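Reader: I'd like to learn how to read sheets, crossovers and pockets in a model like this one. Could you walk me through it?

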Amino acid sequence: MSKYYIASCVFTWHYPQLSQRAQAYAEKQGLTVVRCCVPKYKLEHFTGHMPAAYQDTWAALPDSGDFAAGDTVYTLCHNCSAIIEETKPGVTVKSLWELMDEDPDFSYPDFTGHTMILQDCWRAFDRTAEQDAVRSLLKKMKITVVEQEERREKTDFCGVSTLRPAPPRNLKLAPQRFVHNANVQGKFEDCTPEEQKRRMTEYCHRFNGKEVVSYCHYCMEGLLLGGARAKHLAELAFNQFETYRK
C-alpha cells in the first residue's frame with residue numbers, strides 16, 4: 001500500500017512557494033509527491049505557468065501516480081479528490097489538512113487575537129472529515145472562526161469556477177461530482193468576466209471588510225476578485241503569505 005501527495009497543477013501555479021512547502025512537508029511524512037491526479041495532463045501548459053526558477057524542479061516530479069486499491073492519496077485540490085474517488089475504486093482519498101491534523105509533531109503558528117470568517121467550498125460540500133480538519137487546524141492556530149449560515153454541506157460557493165464552463169476532463173472523469181451534482185445546483189454557467197466580477201463583488205459584501213479564510217484555490221480566486229481580505233489556509237498553516245499568481 002502506497003501513500004501519495006498530489007501537489008496540484010493549479011494550486012502550484014497560483015502559489016508556487018506554498019506548494020513547495022507543502023510538498024516538502026508531505027515528503028517528510030513519507031508520501032510520494034506527484035503533480036496531478038491523471039497522467040500527462042497539460043504538462044507543458046502548467047510548467048510554463050510556473051516561475052522560471054521553479055520550472056525544472058516542477059517538471060522533474062512524476063506527472064502522476066500508479067494509484068491502486070489500498071493506496072492513500074492526499075491532496076488539497078478538490079478536482080483531484082473527485083477524480084481519484086470516481087476513477088480509482090479502493091483508493092482512500094484524504095486532504096492535506098487531515099494529514100496535518102493527524103500529525104502530533106506539526107508546528108502550528110500562533111495567531112492569537114485573529115478572528116476569521118470561514119469560507120467552505122462547494123467542491124468539498126460532503127467531505128466532512130476535511131471540513132472537520134480545517135476547523136481543527138484553525139483552532140490549533142488559535143484563530144477564532146466565524147461560521148457562515150451557508151456552511152459545510154449547505155455551501156454553494158466556489159468562486160468564479162462555477163461561473164464558467166467546467167473543464168471537459170472533469171466532466172468525463174468525475175461525472176457524479178461535476179455533472180449530476182453540479183446540474184442539480186445549477187453550476188458552470190458561461191458568464192462574462194464582467195458578470196463574474198459583479199457577482200463576486202456582490203458576494204463579498206457580506207464580509208464587511210473582515211478577514212476570510214479559504215481552503216480552496218478556486219474559492220480564493222473568486223474571493224480576491226470580489227475584494228475580500230482572504231487568505232488560503234496553507235498560508236496560515238505554513239505561516240508564509242504569498243501573493244496569488246494569475
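Author: Gladly! Let's begin with a term: two strands count as paired if DSSP finds at least two bridges between them. Keep in mind as we go that this is a predicted model.

Reader: Then how many bridges join strand S7 to S8?

Author: The general idea is that strands of a sheet pair through backbone hydrogen bonds, either parallel or antiparallel. Here, S7 (residues 211-214) and S8 are joined by 4 bridges and run parallel. For one contact to look up, take Ser214, whose bridge partner in S8 is His232. Between these two strands the chain passes through H11, making a right-handed β-α-β crossover.

Reader: Which strand pairs with S7 over 3 bridges?

Author: That is strand S5 (residues 115-119), again in the parallel sense. Ser214 turns up here too, as the bridge partner in S7 of Gln119.

Reader: In what order do the strands of this open sheet lie?

Author: The order is S6-S5-S7-S8, 4 strands with parallel pairing. Strand S6 (144-146) and S8 are the edge strands, each pairing on one side only. From one strand to the next, the twist averages 40 degrees.

Reader: How do I read the side chains along strand S8?

Author: In a regular strand the side chains alternate between the two faces of the sheet. S8 (residues 229-232) shows this: Ala230 and His232 point to one face and are buried, whereas Arg229 and Lys231 point to the other face and are not buried. "Buried" here stands for under 20% relative accessible area.

Reader: And in strand S3, which residues lie on each side?

Author: Thr72 and Tyr74 are on one side of S3 (residues 72-75), with Val73 and Thr75 on the other. All of these are buried, and both faces of the strand are covered.

Reader: Which strands does S3 pair with?

Author: Strand S1 (residues 3-6) is one partner, running parallel to S3 with 4 bridges. Strand S4 (residues 92-95) is another, also parallel and also joined by 4 bridges. To trace the register, find Tyr4 opposite Val73 in S3. Val73 in turn has Val93 as its bridge partner in S4. Further along, Thr75 stands opposite Ser95 in S4. The chain gets from S3 to S4 by way of H5, and this β-α-β crossover is right-handed.

Reader: What is the strand order in that open sheet?

Author: It is S2-S1-S3-S4, with parallel pairing throughout the 4 strands. Strand S2 (32-34) and S4 each have a single partner strand, so one side of each is left without a neighbour in the sheet. Ignoring direction, neighbouring strands of this sheet are turned by 25 degrees against each other on average.

Reader: Why is H5 described as largely enclosed by the rest of the structure?

Author: Count its buried residues: 7 of the 10 residues of H5 are buried, so the helix is largely enclosed by the rest of the structure. You can pick them out as His78, Asn79, Cys80, Ser81, Ala82, Ile83 and Ile84.

Reader: Is Val179 buried or partly exposed?

Author: Its relative accessible area is 24%, so Val179 is partly exposed. This residue sits in helix H9 (residues 175-184).

Reader: Now for the pockets: how much space lies in the largest pocket?

Author: Rolling a probe the size of a water molecule over the atoms shows where empty space is left. In this model the largest pocket holds about 600 Å³. Its lining has 30 residues, and the closest to the centre are Val10, Trp13, Arg164, Tyr218 and Glu221. By class, the lining divides into 17 nonpolar, 7 polar and 6 charged residues.

Reader: Which helices each supply at least two residues of that lining?

Author: They are helix H1 (9-14), helix H3 (43-49), helix H5 (78-87), helix H8 (168-173) and helix H11 (217-225).

Reader: And what lines the second largest pocket?

Author: This pocket holds about 280 Å³ of space. Of its 16 lining residues, Asp156, Thr162, Leu163, Arg199 and Met200 are the closest to its centre. The lining comprises 5 nonpolar, 4 polar and 7 charged residues.

Terms used. Residues are numbered from 1 along each chain as its sequence is written. This is a predicted model: local features need pLDDT of at least 70, side-chain atom pairs count only at pLDDT 80 or more; totals for chains, interfaces and linings use all residues. Side-chain values use heavy atoms; hydrogens and water are left out. On a 1 Å grid over the protein atoms alone, a cavity is a set of points where a 1.4 Å probe fits but cannot get out, and a pocket is an open set with protein on both sides within 12 Å along at least five of seven lines; lining residues have an atom within 4 Å of a point. Grid points are joined across faces, edges and corners, and a volume is the space filled by probe spheres set on the points. Ala, Val, Leu, Ile, Met, Phe, Trp, Tyr, Cys and Pro count as nonpolar, Asp, Glu, Lys and Arg as charged, and the others, Gly among them, as polar. Buried means under 20% relative accessible area, exposed over 50%, partly exposed in between (1.4 Å probe, protein chains only). A crossover is right-handed if, with the strands pointing away from the viewer, the path from the first strand over the helix to the second runs clockwise. Axes are lines fitted to C-alpha atoms, for helices over the stretch in contact, and angles run from 0 to 180 degrees between N-to-C directions.
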